[in-house]
Every structure is written in structure tokens, then in C-alpha cells.
Amino acid sequence: MKMNLKISFVLFILTGFATVATAQTEKGNFLLSGSGSLDFAWLSLKLENDNTSEDAAKMSNLEFTPGVGYFIANNLAVGLEFSISSASQKEDGDKYTETTTMLWPFARLYFGKSNVKPFVQAGVGPGWEKWGYKNDKETENLTGYEFDGGLAVFISPNISLDFILGYAGARARITDYRNMEWKTTASGFGGSIGFSIIF
């Protein structure tokens, strides 16, 4: 009897939490989102003949993607994300950097009515990349796209933690020093953890 009472109490609490934390993904609400990553790696090369060591390369990567959207229908938001990423590598005192800026018009579709909602998102938009060494940098225009899927875990009615897996890519046209035009394509899979605020 006591066990049944404990189980009923736990179910009552969980049901109450699910009711309190039900997400507000209804038409007319706004969506603020953000995700980011920060990665570092250090490589060391040891020279065997004189038993000394030196840094061969230091690499870092930083990415941040804030966004804003509007629910045009229940569970369907459209909006704009701004993504900036910077990668650098230092080797033998020379620093190589790549900075990419993208604008992503996007659509995000949530599923379900609970406080744990799967979602899918797609976006496409223009971008710009600047790359090279300190005194020798080039800039190119990009067209990027992304297809994401994830899980939004609402920790309150208006705030969710977002676990995202996605596929993204970018295309560019580059003209080299011989005045030859090249098409470049880059794509790949990735994951991130972010947050969303709905109001």
C-alpha cells in the first residue's frame, strides 16, 4: 500500500512538472536561440637528436550562432541566424586565420506537446570568408546551407536546452593569381548544444 502511494505521488509530481514545463511554441510567439563551440589543440614535436622539444602547431576554433524567429503557426518558426566562426593555427611564429560570417534565414518545426520536443530546421543564405596570414589575406563570398535535427528539452515553459545534430555546407567561387576561376565546396556533419528562449 505504501509503495502504491509513493508511485502515485511521484507520478503526480512528474505530471505536474510536465504541465508546468509545457513549451509555448504557439503562433505569435518569438524565438531567441543561440549555440556555440570552443575547441583548442596543441601539438608538440620532439627532436630526438638533441633531446629538445618545441611547439609544432597551436590550433583554436571558436563559433557562435545567435538567432531570432517568429512563430507563424503553432510549432513552426521562421527567422534569421547570424553565425560567426574563427579558426587559427600558429606554426613557427606565423599565424594563419580563417574567419567565416554567415546569415541564415531558417525555418524550425517542433513536434509534440510535451516539454521534450524533437525539431527539424533548415536554412540557406549568404556568407563571407576571410583567410590567410597576417599580411596576406583574401576574402571570398559564400553560399551556405544547413539541415539540422535535434531535441529541445524545456526546463521551464519558455527556456529549452537544444541538442542538435546537423549537416551543413558552403560553396564559393575563387579566382587565383593566374586569373583562373575555381568552384569550391565544403560540407560535413556536426553537433552542438544550445538554448532557446520563447516569449
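In this predicted model, a polar atom of the side chain of asparagine 29 lies 2.8 Å from the backbone oxygen of glutamine 24. Asparagine 29 belongs to the loop between α1 (2-20) and β1. Leaving aside residues up to four places away in sequence, asparagine 29 touches Gln24, Gly69, Tyr70, Phe71, Ile198 and Phe199. The relative accessible area of asparagine 29 is 18%, and buried means under 20%, so asparagine 29 counts as buried.

A second asparagine, at position 75, sits in the loop between β2 and β3. Its relative accessibility is 17%. Asparagine 75 therefore also falls under the 20% limit and is classed as buried. The backbone of asparagine 75 has a phi near 70 degrees, which is a positive value in a residue other than glycine. In general, most residues other than glycine have a negative phi.

Both loops can be placed in the chain as a whole. The protein chain contains one helix and eight strands. Read from the N terminus, the order of elements is α-β-β-β-β-β-β-β-β, with the helix α1 covering residues 2-20. The strands are β1 (30-47), β2 (52-73), β3 (76-91), β4 (94-110), β5 (116-133), β6 (136-156), β7 (159-175) and β8 (181-198). Among contacts in the protein chain with a separation of 6 or more, 56% are between residues 24 or more positions apart.

The strands also supply residues to the largest pocket. Its space comes to about 1100 Å³, and 48 residues line it. Nearest the centre of this pocket lie Glu63, Ser83, Ser85, Trp104 and Ala168. Each of the strands β1 to β8 gives at least two residues to the lining of the largest pocket. β8 provides the largest share of that lining, with twelve residues. What is the make-up of the lining by class? It has 23 polar, 14 nonpolar and eleven charged residues.

Figures for the whole chain complete the description. The protein chain has 199 residues, and 28% of them count as buried; asparagine 29 and asparagine 75 are both in that class. About 13000 Å² of the protein chain is exposed, and carbon and sulfur atoms supply 63% of that area.

Notes: Residues are numbered from 1 along each chain as its sequence is written. This is a predicted model: local features need pLDDT of at least 70, side-chain atom pairs count only at pLDDT 80 or more; totals for chains, interfaces and linings use all residues. Side-chain values use heavy atoms; hydrogens and water are left out. On a 1 Å grid over the protein atoms alone, a cavity is a set of points where a 1.4 Å probe fits but cannot get out, and a pocket is an open set with protein on both sides within 12 Å along at least five of seven lines; lining residues have an atom within 4 Å of a point. Grid points are joined across faces, edges and corners, and a volume is the space filled by probe spheres set on the points. Helices (H or I, at least four residues) and strands (E, at least two) are DSSP runs, numbered from the N terminus. Ala, Val, Leu, Ile, Met, Phe, Trp, Tyr, Cys and Pro count as nonpolar, Asp, Glu, Lys and Arg as charged, and the others, Gly among them, as polar. Buried means under 20% relative accessible area, exposed over 50%, partly exposed in between (1.4 Å probe, protein chains only). A polar contact is a pair of N or O atoms within 3.5 Å; within protein, one must be able to donate a hydrogen and the other to accept it, and residues adjacent in sequence count only if both atoms are side-chain atoms. Contact means heavy atoms within 4.5 Å. Accessible areas come from the Shrake-Rupley method with a 1.4 Å probe; for residues, only the protein chains shown count as cover.
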